[in-house]
Amino acid sequence: MYRHHEHKLGWDESKVGKVYKALKKLIVNCEVPPCTRLDAVAISNVMNTSVVPVREVLIQLEIEEYITSSFGNGYYTKKLDTQALSDQLDFTKMVLKHVFRENLYEHSTFVMLSSWTDYYLIREFLQLFYERMAKASNNRIIRDLVHESNVRTRYIRWLDLHQPERLSCIRDDMSELLELLDKRDKDAAITNVDRQFSAMISSVPELVLEGNRRAGNTKESWLETLSKLSAES
């Protein structure tokens, strides 16, 4: 994972770093239709760089399973996959339950999000909570894997939050969870997390259908979007 490189001095400004971050952002946010061929030359023209760093990034993204390749035909975007996303959510749930069960969070304090009207802020709040709990495990591998799980599931989580009944449920469950953690009621906290993640995992098939539909109906050229990201970097 390039996460280990992201904190190195100057990596963000390197050609590979810029291409990697911009292209991965498009893919993670489903702004490229599924099964789209990622042409290295076209990408290099948009990113104002040579083909070499683009090819390096495409190879890395395939290794990380964000994209796929067809022998002799290049690299392609993938459809959202129900099982893969469910497994990511299940992993985060197992980490949280481990942290609660072992009382690894005992020195933590918790503050509820003040407003639940901005979907992006809500998603960020949830993801930061998961990563904070993973950090409490004092295990770098677990911390990195939870971060990666957040990245891979951020789009379907954003879609999930757009469902009024789910948003209300998530808000109430998180409010209860933070109160339980403050009271150090780990058994009830584990039950809460089980309920939260089971509800989302059961919604994944519908979220995947909606995500793939939206990605397939992307109106703006993904190369134009990539060009905008390049100009911002």
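**Helix packing and nonpolar cores in a predicted model**

Helices H8 and H9 cross with left-handed geometry. The structure described here is a predicted model. The axes of H8 and H9 lie 9 Å apart, and the two helices pack at an angle of about 160°. Because angles over 145 degrees count as roughly antiparallel, H8 and H9 are assigned to that class. On the H8 side, the residues that meet H9 are Arg166, Asp173, Met174, Glu176, Leu177, Leu180 and Leu181. Their counterparts in H9 are Ala188, Ala189, Asn192, Val193, Arg195, Gln196, Ala199, Met200 and Ser203.

A second helix pair is formed by H5 and H7, which pack with their axes 9 Å apart at an angle of about 135°. At this angle, H5 is oblique to H7. The crossing of H5 past H7 is left-handed. The H5 residues in this contact are Leu85, Gln88, Leu89, Phe91, Thr92 and Val95. From H7, the contact is made by Ile142, Leu145, Val146, Ser149, Arg152, Thr153, Ile156 and Arg157.

These four helices also contribute to the largest nonpolar core, as does H6. This core comprises 41 residues, and Phe100, Phe129 and Met174 have the most contacts inside it. At least two core residues come from each of helix H5 (82–101), helix H6 (119–136), helix H7 (140–161), helix H8 (164–182) and helix H9 (186–216). The greatest contribution is that of H9, which supplies nine residues. A second core, separate from the largest one, has 25 residues. Among its members are Ile43, Tyr66, Ile67 and Leu229.

The surroundings of Met174 illustrate how sequence-distant residues meet. With neighbours within four places in sequence set aside, Met174 is in contact with Met112, Trp116, Phe125, Leu126, Phe129 and Gln196. Of these partners, Phe129 is itself one of the residues with the most contacts inside the largest core, while Gln196 is one of the H9 residues that meet H8.

Two consecutive residues of H5 were examined in more detail. Thr92 is found in this helix and, with a relative accessibility of 3%, counts as buried. Beyond its neighbours within four places in sequence, Thr92 is in contact with Tyr130, Ser149 and Phe197. Ser149 is also among the H7 residues that meet H5. Lys93 likewise belongs to helix H5. Its relative accessibility is 12%, and Lys93 therefore counts as buried under the 20% threshold. The contacts of Lys93, again apart from neighbours within four places in sequence, are with Val193, Asp194 and Phe197. Phe197 thus appears in the contacts of Thr92 and in those of Lys93.

Towards the N terminus, Val19 is located in helix H2. Val19 is buried, its relative accessible area being 2%. When residues up to four places away in sequence are not counted, Val19 touches Met47, Thr49, Val54 and Val57. Val19 and Gln196 are 177 residues apart along the chain, and their C-alpha atoms are separated by 36 Å.

The loops on either side of H3 each hold a residue with a positive phi value. In the loop between helix H2 (15–28) and helix H3 (40–47) lies Cys35. Its phi is near 65°, a positive value in a residue other than glycine. Asn48 is placed in the loop between H3 and helix H4 (51–63). For Asn48, phi is near 55°, again positive in a residue other than glycine. Asn48 is exposed, with a relative accessible area of 71%.

The cysteines were also considered as possible bonding partners. A disulfide is a covalent bond that joins the sulfur atoms of two cysteines. The count of disulfides in the model is zero. The closest cysteine sulfur to that of Cys30 belongs to Cys35, at 12 Å. Since a disulfide requires sulfur atoms within 2.5 Å, this separation is too far for a bond. The same holds from the side of Cys35, whose closest cysteine sulfur is that of Cys30. The two residues also contrast in accessibility: Cys30 is buried, with a relative accessible area of 11%, whereas Cys35 is exposed at 53%.

How values were computed
Residues numbered from 1 in each chain as written. Predicted model: local features only at pLDDT ≥ 70, side-chain atom pairs only at ≥ 80, totals over all residues. Heavy atoms only, no water. Core = buried A, V, L, I, M, F, W, Y, C linked by side-chain atoms within 4.5 Å. Buried < 20%, exposed > 50% of the residue type's maximum accessible area, 1.4 Å probe, protein only. Contact = heavy atoms within 4.5 Å. Axes fitted to C-alpha atoms, helices over the stretch in contact; angles between N-to-C directions. Parallel < 35°, antiparallel > 145°, perpendicular 65-115°, else oblique. Left-handed = near helix turned anticlockwise from the far one by under 90°.
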